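Please look over the sequence and the model shown below, and use the briefing that follows as a guide to the cavities, sheets, helices and backbone features.

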Amino acid sequence: MKSNKLVLLIAAFIGLMGCNSSKQESSSEVAKKPNILLIYLDDLGYGDMGAYGAATNLKTPNMDFLANNGVQFSNGYATSATCTPSRFGLITGTYPWRNEKARILPGSAPLIISPEAMTLPKMLQKEGYATGVVGKWHLGLGDGNMDWNKTINLGPNQVGFDESYIMAATQDRVPTVFIDNGNVVGLDPNDPIQVSYKENFEGEPTAITNPELVKMKWHHGHNNSVVNGIPRIGFMKGGESAKWDDYEMADHFLVKAKDYIKKHKDEPFFLYYAMQQPHVPRTPHPRFEGKSGMGPRGDAIIEADWCIGEIMKTLEEQGVLDNTLVIFSSDNGPVLNDGYYDDAVEKLGDHKPAGVLRGGKYSLFEAGARVPFLTYWKGKITPMKSDAIVCQMDLLTSIASLIGSDIKTDDSENVMDALLGESKEGRIDLVLEATSRTAYRRGDWLLIPSYKGPAELKKVAIEIGNDPEIQLYNLKEDPSQQNNLAKDHKDKVAEMMEAFTKIRGDHSKGTKNYKLR
């Protein structure tokens, strides 16, 4: 009898353990890792959407929905005031000024991220995520000896993305083709592509030699090969069947982004949706033409807003909205005339693309790298406005902490609590970059060292922060940076300079030695 009782007790114990095991599995299923959707615009300014208070005439209801139902950051930053460096910081979690190749790249540039380097998508891959990029890349492809007619073996797929559907650089640069997992889409092998950023191919027309081909007039820099009536930066020959339709580009990328979500809805996924708007050339689909009253730039922003609404609908339709963290930002601040005559200046009206901030794209002033920055997670994030300092570079370490990874980089900080609206504390300090020059934000203060060179880039009409004297601003009291307090706060300057140098090292190349006058 004792033996039978012992057997029954053992059986009951095993059954109990089995129940507990089932409960653990059930709990594991409930705690499914969240999807990550990163929506990244191109040249969208701090004041280019309604929620930041400046876009009173420009309607951006879908961007504003994310802001009003998530965390809207007033101190959200890219790492740089230009595109390639900011994208480098975003993907690698590393300051772009640490890589001398992280500058605005031509379309023929080699990949500037080492395949051995840790990246945001690579970290997510290690945690079982499907990873994809759709849209603008602009971080280089290949090894510098590119043959566009063969599979490209160095690109997004080698630095952490399982799937990639991209354009190589920017919409205004050649080659004007889409690249699907390393292969040019629609390429006719009998009409091979050739690309050069040094000289034109014999007999090929340009905006200068054949102005009659130009439908969008160039203002500066965009006078090489002409595709779809739009003059570009760089020279291209061949590949006629592969060339994109500029006016269909937003729709084209949107379909690819939607398809990615549908394909991976039953597993944790990361989608980097890198939109091209409102970068030049501004070519919104005809159904958006004239809708903003501000010319193609305003129309492109409205088009981008619509695309965002469509992506959000797709998340909901596929049943994954409740388990998706949406992060929205821009690679740098705004610019109006960036190479074409497209009425961006003439039709601006009282709209202020930079909002209250000074400067814009290319600038060390705040409008260069302080950009719209939003996080949204239905049912998880309580709507709020946050003054926490956060940077796109922090996404790698922050998201890692969210999903249980211990991966981090030296420059990327864990600000996940701020991103989720659970804390109003973010970074303490941040080094900002603009065309190889750097500045330093710490708390409410911004320090800009003395730099030689013009105070303004005349062609784009933007103050870029150069001054023979050091500049110090209290951004809480003076967000528009009108009052240089360096002479009144010499101790603060010295303190800031010391902290800045510990991070940046020697920043003085091309600058004047600091001396208060």
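On a 1 Å grid over the protein atoms alone, a cavity is a set of points where a 1.4 Å probe fits but cannot get out, and a residue counts as lining when it has an atom within 4 Å of a point. Grid points are joined across faces, edges and corners, and a volume is the space filled by probe spheres set on the points. By this reckoning the structure holds five cavities of 30 Å³ or more. The model is predicted, so local features need pLDDT of at least 70 and side-chain atom pairs count only at pLDDT 80 or more, while totals for chains, interfaces and linings use all residues. Residues are numbered from 1 along each chain as its sequence is written, and side-chain values use heavy atoms, with hydrogens and water left out.

**The largest cavity**

- Rolling a probe the size of a water molecule over the atoms shows where empty space is left.
- The largest cavity encloses about 50 Å³ of space, and its lining includes Leu141, Ile152, Leu154, Ser164, Ile166 and Asn181.
- The lining residues of the largest cavity divide into six nonpolar, six polar and no charged, where Ala, Val, Leu, Ile, Met, Phe, Trp, Tyr, Cys and Pro count as nonpolar, Asp, Glu, Lys and Arg as charged, and the others, Gly among them, as polar.

**The sheet of 10 strands**

- Helices (H or I, at least four residues) and strands (E, at least two) are DSSP runs numbered from the N terminus, and two strands pair if DSSP finds at least two bridges between them.
- An open sheet of 10 strands, with mixed pairing, follows the order E6-E5-E4-E3-E11-E1-E12-E13-E2-E14.
- Strand E6 (183–184) and strand E14 (384–391) stand at the edges with a single partner strand each, so one side of each is left without a neighbour in the sheet.
- Strands E1 (residues 35–41) and E11 (residues 269–274) run parallel and are joined by five bridges, and Leu37 has Leu271 in E11 as its bridge partner.

**Helices on this sheet**

- Contact means heavy atoms within 4.5 Å, and axes are lines fitted to C-alpha atoms, for helices over the stretch in contact, with angles from 0 to 180 degrees between N-to-C directions.
- Helix H2 (residues 61–68) lies across E1, strand E2 (71–77), strand E12 (324–330) and strand E13 (373–376), and runs at about 70° to E13.
- Helix H5 (residues 249–263) also packs on the sheet, where it touches strand E3 (130–136), strand E4 (163–167), strand E5 (178–180) and E11, and its direction makes about 175° with that of E11.
- The axes of H2 and helix H6 (residues 295–317) come within 7 Å and cross at roughly 55°.
- H2 and H6 are therefore oblique to each other, since angles under 35 degrees count as roughly parallel, over 145 as roughly antiparallel, 65 to 115 as roughly perpendicular and the rest as oblique.
- Among the residues making this contact are Met63 and Leu66 of H2, and Trp306 and Met312 of H6.

**Glu163**

- Glu163 has its place in strand E4, and, not counting residues up to four places away in sequence, Glu163 touches Thr131, Gly132, Val133, Asn157, Asn181, Tyr260, Lys263 and His264.

**The sheet of four strands**

- An open sheet of four strands, with antiparallel pairing, follows the order E15-E16-E17-E20.
- Its edge strands are E15 (429–434) and E20 (471–474), each of which pairs on one side only, and the twist averages 20° from one strand to the next.
- Four bridges join strand E17 (residues 445–448) to E20, and these two run antiparallel.
- Helix H9 (residues 490–504) lies across E15, strand E16 (437–442), E17 and E20, running at about 120° to E16.

**Backbone features in loops**

- Most residues other than glycine have a negative phi, and most peptide bonds are trans.
- The peptide bond from Gln277 to Pro278 is cis, with omega near -5°, and a cis peptide bond also joins Val280 and Pro281, with omega about -10°.
- Pro278 lies in the loop between E11 and H6, and Pro281 is found in the loop between E11 and H6.
- His138, in the loop between E3 and E4, has a positive phi near 60°.

Key:
1 Å grid on protein atoms, 1.4 Å probe; cavity = no way out; pocket = protein on both sides within 12 Å on 5 of 7 lines; lining within 4 Å.
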